[in-house]
Amino acid sequence: MRTNRFLVGAAALVLALNSAGAGLAKDKKAETKADNPAVTFNKNPYPSTYRPYPGQPVLITGATVFDGKGGRIDGGAVLLKDGKVVGVGGSLADLAVPADAVRIDGTGKFVTPGIIDAHSHLGVYPSPGVQAHSDGNEATAPTTAEVWAEHSVWPQDPGFSRALANGGVTSLQVLPGSANLMGGRSAVLKNVYARTVQGMKFPGAPYGLKMACGENPKRVYGGKGRMPSTRMGNFAVNRATWIKAQEYRRKRDAGKLETRDLAMETLAGVLDGEILIQNHCYRADEMALVLDMAKEFGYKVSAFHHAVEAYKIGDLLKQNGVCSAVWADWWGFKMESLDAIPENAGILYKAGACVVIHSDDANGIQRLNQEAAKAQGDARRAGIDIPDAEVIRWLTLNPAKAIGVDQQTGSLEAGKMADVVLWNANPLSTYARPEKVWIDGALLFDAADPKRRPVSDFELGQSGEGDVK
Amino acid sequence: MIARRLIAPRLIAAALLASAAAAPALAQDFAVTNATVAIGDGSAPIPNGTVVVRGGKVVAAGAGVAVPAGVRVIDAQGKWVTPGLVVAVTDLGLRDVEAVDDSNDTEAGKSPFSAALDIAAAINPDDMPIQISRAGGVTRAAVAPLDTGTIFAGQGAVIDLGADPDAVTAARAFQYVELGEQGARKAGGGRVAVQAALRNALAEARELARRGGGQGADPRLQDGAPERPGDALLNRFDAAALVPVVQGRQPLYAHVERAADIRMALNLKREFPALKLVLVGVTEGWMVARELAAAGVPVFATPLNDLPDRFEQIGATQSNVGRMARAGVKVALGAFFDQPRYAPQYAGNLVALTRLPGASGLDWGAALAAITSVPAEVLGQGDRFGSLKPGRAGDVVIWDGDPLEAGSGVLRVFIDGVEQPLANHETRLRDRYKVPTEGSLPKAYEW
């Protein structure tokens, strides 16, 4: 059955090529670069319809403020208005406070930018995790750069609400899985329920392309008797695909494209610098090879994801300006995770490389702050002292940078999106939970108000609807 | 508690064995002074406390405890001391790398045996997860066989995580059975099939016992087994292994999540009154908390499930543990198969819930107890380890801060009074790569 499906796919491809050839013969003379659909196509055919929800101006005073870019203000004030951060300061005198502002006494509490997860599968592997919901891996060919995660995201995944209420997550990058060398485009979302995925899409966020090193692609395709079945096969398929993408781009720029090709459009977008590479890669040696492959074909890796051995090559990662999106201490679940160490983030930080704490998990996304705290503690015991405010950057501005939205969110700076969490204690404590979460200035979670807790369609009418989760 | 009674004779044997082999030879009398001492019995931590361990056992712990003359003193400098962590329903000792099948003994799906499988024989005390869990303060664990071709997974063991060859404290400590969605798959599809498989198995075991079979310390090994009915479905080993279960001499750990499945499990006791049930997972336990409490059935609850990951977990909430505990259910944390060293973080999250409007959690003392004394009690080992009460094993962990805080870590670990090595694959890599760049020789020469 599996073989049949592949044969059908191959046959369809041949047909597609044939019909493209026929079209070419007919239209060649009439076609110019200006009206060539392979060149002039709409790059944003499923545009974001997300609009910030209404919010009142909010003034938080007397709180410990971590601004997301490494700064800490004790007894600080934060003013939000019209969906934006107006200002952050040590006193009210710094801020022009509107008369109608909701005033919140933040004494003993903490304020951070909204938490950002650079690696989530919410929506594409939603709860309940039944086969009918398994929409994260188009595991039918080793490169599927043509698929887009947003076409799989189920906006009613109950996991979005848990990430908001327990984790203070306001933005996330939803990635295809890692079965494929090139798994498809990511979707960057605001963590706001909507009837459509377009209603969740982060306005103006770039796409990412998920790539994967190592065990998964070679296992999935080697197991089917197909290439790649080895790590060298992984690279060969990747390089052959990049060569095609370069050729496609040359033809495009020369006005010689004959037809659209979804996969090649994505790969050309990477080579154009418009689409960011998000590369699942565990081992240090493979990351180093990927960095050379990126140079070979002229693209940049935005972040290595999982990167459990990043600590071995912190210097190289710093030099190449690549972020490492890591867990605190996942270990030993597969061969390529055997050299994971809890000091990974700390050693990377000391090397001056960009650290991002990610989840890859519907439970972990609810405790990214605790993951960061664990990494900080393990670093401290290894003699690397990292201030809280720097650690908060691993959950806010750094992931924003890795997914390309750091100009809009990720730190508490005037003019940026008012994506803000008020915590009932230091978020690097296990005992801390979000008290209130604002997204673009709208209060979308309030621990004290059961009605400010989203309940997905799936949970309506079922046990525990609206329960504290 | 009931289980303790039946395991006791075996325990004594195991303890004697341990004394012959390792513990007393290395066990040192010591006192930890100037510590924040958490006994692990549910009480609040005690500042400026002392713990005294002699002959491998706790002699005294608390405030105003005198240090006997001649005992080595460890000044904790205000740091925290707890009993070693006890984590139940793990796969410790059964694998090195989960996804590397050759290193993984958690599955026996093609074996002709199921209930008869005895995990004790497979425990590898040198495996990396044991070393890494030990460095995380875990000193005792229950190891469950996880995956066979039937609803019965076989017989689990209680182990210690000491760096010595004698890992197994209690072999054949419990039988493990899948009664929910996973069980349905194993039984041939659907909960109806689970019910038939379960009842038939227990009935065959009862019949075997009636004919005098399945007795002795390891019922499988009995010679001259009696004749069985011609239509028996279980092989003789599996049937014999279930005799102690149906007679209540060996607890039956049943994995259930859905409220209805929990009720079904509790109802089993009507047909098989001697069953000593312990429920595992129990995501929807809060929905039947009163019935659980009334039945006196303890649970190993997966701590923070709050997603309807499966249809049998629709009512999942992090408040599950707190609500069950409030209703009087004996709740230990367990059955999280990621890493046992996460136990304190999970317990800390239950404390966090006490500060969240509408949520239920555990106070600090109860949260620590849920990963120390309570699991020890459910395992039937409460008088042997799991707290710093006098007479308990000298399982002592010194932490650099509040152990339930994610940022805290382990400084020293003692098991049966023996200080344990904490170096492992992770720490060795850390030491090598603290400075990642290579020096005058490759990294392979730095060790």
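**Exercises on strand pairing and model confidence**

Strand S13 (residues 277-281) of chain B runs parallel to strand S14 (residues 299-301) of chain B, and the two pair over 3 bridges. Here strands are DSSP runs (E, at least two residues), numbered from the N terminus, and two strands pair if DSSP finds at least two bridges between them. The model is predicted: local features need pLDDT of at least 70, side-chain atom pairs count only at pLDDT 80 or more, and totals for chains, interfaces and linings use all residues. Residues are numbered from 1 along each chain as its sequence is written, while chains are lettered from A and ligands numbered from 1 in the order in which they are written.

**Exercise 1.** Determine which residue of S14(B) stands opposite B:Leu279, and place both strands in their sheet.

*Solution.* Step 1: B:Leu279 faces B:Val299 in S14(B). Step 2: the open sheet of 8 strands in chain B has mixed pairing and the order S6-S8-S10-S11-S12-S13-S14-S15. Step 3: strands S6 (85-90) and S15 (331-333) of chain B are at the edges with a single partner strand each, so one side of each lacks a neighbour in the sheet.

**Exercise 2.** Identify the pairing senses of strand S5 (residues 80-83) of chain B.

*Solution.* Step 1: with strand S1 (residues 30-37) of chain B, S5 pairs in the parallel sense over 2 bridges; B:Trp80 is the bridge partner of B:Thr36. Step 2: with strand S16 (residues 396-399) of chain B, S5(B) pairs in the antiparallel sense over 4 bridges; B:Val81 lies opposite B:Ile398.
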